[in-house]
Structure formats: C-alpha cells, structure tokens
Amino acid sequence: MKKMFSTLVVSTMVLLTACGGGGSEAKPADSGNAGGQQAAASGEAVTLKVGHTLADTSHYQVGLEKFKELVESKTNGSVKIETFPNGALGGERDMIEGLNVGSIDMVLSSTGPMSGFVQEVTVVDLPFLFRDADHAHKVLDGEVGTDLLAKVESSMGVKALAWWENGFRHVTNNAHPVTKPEDLKGFKIRTMENDIHMDSFKAMGAQPTPMAFTELFTALQQGTIDAEENPIPVIMTSRFYEVQKHLSLTRHFYSPSILMMSQAKFDALSPEQQTAIEEAALEAGKFERETVAEMEKQYLSELKSKGMEIVENPDLQPFVDAVKPVYEKYEPQFGKELIEKIRNTQ
C-alpha cells in the first residue's frame with residue numbers, strides 16, 4: 001500500500017504540473033445536458049471537472065486520481081476526468097451550490113457545510129459518535145449511509161455517488177498542549193460553517209469562528225485565530241505545522257466526505273457511462289480510505305520531525321462529558337433511535 005500510495009502521489013504531481021496546477025484553467029462547466037447528450041451520440045469524449053478544497057498532495061487528490069483512472073478505463077476514454085484541488089473552483093459551499101446551476105460538474109466535499117442544504121446528513125457530525133474508522137465505514141456503507149445519500153439526492157437534486165473520507169479531526173494551536181476541555185477556554189478556533197461543530201466547541205469552552213478552509217492558513221499565520229481542527233493528513237498537506245506548534249489527538253469529530261455530481265451532467269451520460277461513474281466512485285472511495293489510514297501513520301511521525309509537540313493519548317472522557325449538552329440539543333432533530341443505531345453498529 002505504501003509503495004502504491006507513493007507512486008500515486010508522484011503521478012498526481014506530474015499530472016497537475018502538466019495541467020498548470022488546475023488553477024488558471026478552472027472555468028465553469030457548460031450547464032444543461034444537451035451538450036453531453038450530443039457528445040455521447042457523436043462519440044466525442046465528455047470531460048467532467050471535479051473540485052475540492054484540499055492540497056494537490058492530499059488524500060482527496062490521491063483518491064480522485066484513482067477515480068480518474070477508473071472512469072477513463074471503464075468508459076474506454078469516452079469520459080475524461082479533470083481534478084481541481086486547492087479550492088480552484090471555489091469553497092465547498094460554493095461548489096455544492098454550483099452543482100445545481102451547472103457551473104460545477106462534480107465536487108468532493110466534507111459534510112461540514114451540508115447543514116445548510118440537508119440537515120439530516122449532519123447526524124454524522126455529532127462529536128465522539130464513532131468509535132473508530134472501521135465503525136464509521138460500517139455505518140456509512142450500510143443502511144444508514146445509504147438512506148443519508150438518498151436524502152442528499154432528494155433534497156438537493158444532485159447525484160450523491162459515494163461516501164469518501166476526510167478522517168478523525170484533532171485540535172492544533174499555538175499556545176499550549178490541549179489535554180482537557182479547559183485548555184480550550186478562550187481559544188478562537190476555526191470551524192466549518194456547521195452548527196453542531198460550533199456548539200460542540202462552545203460546550204468545550206472555545207470560541208468557534210466559522211471560516212472557509214481556503215482562508216485558514218493566512219488566518220493562523222496572522223494570528224486572527226488561535227487554533228484549528230482537522231485530520232492529520234490535512235494538517236500535514238496544508239502545512240499547518242508551519243503556523244501551529246501543538247497538536248492534540250482529540251478525535252472529537254469523524255469527518256466523512258461525499259462525492260457528488262450535477263444531476264443534469266449525470267443524466268446526460270449514457271447508461272453504460274453512468275454505471276462506470278457509480279462503480280468508479282465506490283472503488284476509488286475505498287482506495288481513498290486506505291490512503292487516509294496510510295497517511296495518518298506516516299504523517300504523525302513527520303509532524304513530530306517538523307517540530308510539532310503532540311499529545312497522542314489525551315483522556316477523552318472529559319471531552320465526551322463536556323459535549324453532552326450537544327446531544328441533548330440535537331437528539332430531537334435526528335431522533336434517539338437513529339443515534340443509538342449508529343452507536344450500536346458492530
């Protein structure tokens with residue numbers, strides 16, 4: 001896996017260099033499905049642009065390069081995939097909105113900004129809900145995950161292809177090690193625009209500050225905010241170690257992501273192409289999860305070598321106790337039965 005992962009990262013960098021990094025060429029896709037139908041009928045290749053906000057060396061990008069490889073192989077080149085990392089097509093919320101108007105073909109997004117679109121799906125954002133990655137995968141690949149993707153499709157009018165992964169989120173800051181909730185008191189901590197995330201950090205004593213990911217590094221660098229929270233692969237590939245001294249493995253949220261596609265773009269494809277897209281999304285999603293696991297192991301030691309002071313095994317029970325009011329607030333919205341179903345999945 002490590003050898004395969006390294007090879008893919010190198011391949012990713014070569015492709016992005018050849019394409020100019022995906023920044024200046026990020027133009028909106030044509031809206032509507034007539035053009036896609038004409039292309040399919042004429043045998044002309046259809047090109048789909050996929051955007052995300054993480055770095056061009058991130059697990060998202062590695063997974064999308066695998067997706068590209070699979071789609072182009074399964075369709076014999078009749079569907080081409082172009083990837084646009086680093087927020088080249090906009091922030092997550094902007095790209096999600098773009099799916100409906102046809103300015104964006106596809107987006108790989110965390111569930112963080114989904115609260116503004118589909119409230120039900122944010123049940124997965126509840127703090128300390130998942131025991132580990134295996135538990136999360138069983139839930140999302142099972143009945144609960146299937147139902148949530150169906151709600152995304154029916155509520156937003158997009159094609160929700162598959163659950164991918166961002167990973168367990170951890171706290172970084174520049175002041176001192178975080179070993180208990182009280183250590184977060186007074187911290188201005190960047191969060192996604194997600195009510196559950198913000199309420200959770202308020203319950204732990206911090207001052208949550210929602211901010212687009214694309215603005216985060218500069219805010220940390222300038223001291224506009226004191227802390228942030230992200231999975232280890234994001235902390236590493238986004239170079240947050242350059243502007244943050246302390247990392248605590250709090251695992252406070254598990255952060256899944258969803259690969260979504262404009263419904264109009266999907267409908268414009270032939271049935272064979274649609275099947276290829278769906279199969280490739282699932283296969284690449286599993287590969288991307290393996291990449292996250294590999295990166296977590298590798299990057300933890302690299303972050304240490306770059307000078308980050310890491311609290312690897314904080315006592316999580318005080319954090320769990322601190323966020324109990326969050327469950328009291330959101331249990332009526334999601335239903336106790338669903339929360340318990342997720343917790344009890346084996």
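Select Leu247 first, in this predicted model, and then look across to strand 11, where the bridge partner of Leu247 is Ile310. Widening the selection to residues 246-248 brings up strand 9, which pairs with strand 11 in the parallel sense over 3 bridges. These two strands belong to an open sheet of 6 strands with mixed pairing, whose order is 7-6-8-5-9-11. At its edges you will find strand 7 (207-210) and strand 11 (309-311), each of which pairs on one side only. If you look along the sheet, neighbouring strands are turned by 25° against each other on average, with direction ignored.

Next, add residues 195-203 to the selection. This is helix 7, which lies across strand 5 (170-173), strand 6 (188-191), strand 7 and strand 8 (227-230), and which runs at about 155° to strand 7.

Before leaving this part of the chain, select Arg239, which is found in the loop between helix 9 (232-237) and strand 9. Its phi is near 60°, a positive value in a residue other than glycine. Most residues other than glycine have a negative phi. Is Arg239 buried or exposed? With a relative accessible area of 43%, Arg239 is partly exposed.

Now turn to the other sheet, an open one of 5 strands with mixed pairing and the order 2-1-3-10-4. Strand 2 and strand 4 (158-168) stand at its edges with a single partner strand each, so that one side of each is left without a neighbour in the sheet. Here neighbouring strands are turned by 20° against each other on average, again with direction ignored.

Within this sheet, select residues 46-51, which make up strand 1, a mostly covered strand in which 5 of the 6 residues are buried. Strand 1 pairs with strand 2 (residues 79-84) in the parallel sense over 6 bridges, and Val46 can be seen standing opposite Val79 of strand 2. To follow the connection, trace the chain from strand 1 through helix 3 (residues 59-74) to strand 2, a β-α-β crossover that is right-handed. Strand 1 also runs parallel to strand 3 (residues 106-110), to which 2 bridges join it; Gly51 stands opposite Val107 there.

From strand 3, move on to strand 10 (residues 254-262): the two run antiparallel and are joined by 5 bridges, and Met106 stands opposite Met261 of strand 10. Two helices that pack on this sheet can be selected in turn. Helix 4 (residues 92-101) touches strand 1, strand 3, strand 4 and strand 10, and its direction makes about 140° with that of strand 3. Helix 6 (residues 143-156) touches strand 4 and strand 10, and its direction makes about 130° with that of strand 4.

Continue with helix 5 (residues 133-140), whose buried residues are His135, Ala136, His137, Val139 and Leu140. What covers these buried residues includes helix 6, strand 4, strand 10, helix 11 (271-305) and helix 14 (336-343). At the start of helix 5, show the side chain of Asp132, an oxygen of which reaches to within 3.3 Å of the backbone nitrogen of Asp134.

The last stop is Phe128, in the loop between strand 3 and helix 5. Although Phe128 is not a glycine, it has a positive phi of about 55°. Why does Phe128 count as buried? Its relative accessibility is 17%, and the cut-off for a buried residue is under 20%.

Conventions:
Residues are numbered from 1 along each chain as its sequence is written. This is a predicted model: local features need pLDDT of at least 70, side-chain atom pairs count only at pLDDT 80 or more; totals for chains, interfaces and linings use all residues. Side-chain values use heavy atoms; hydrogens and water are left out. Buried means under 20% relative accessible area, exposed over 50%, partly exposed in between (1.4 Å probe, protein chains only). Helices (H or I, at least four residues) and strands (E, at least two) are DSSP runs, numbered from the N terminus. Two strands pair if DSSP finds at least two bridges between them. A crossover is right-handed if, with the strands pointing away from the viewer, the path from the first strand over the helix to the second runs clockwise. Axes are lines fitted to C-alpha atoms, for helices over the stretch in contact, and angles run from 0 to 180 degrees between N-to-C directions. Contact means heavy atoms within 4.5 Å. A polar contact is a pair of N or O atoms within 3.5 Å; within protein, one must be able to donate a hydrogen and the other to accept it, and residues adjacent in sequence count only if both atoms are side-chain atoms.
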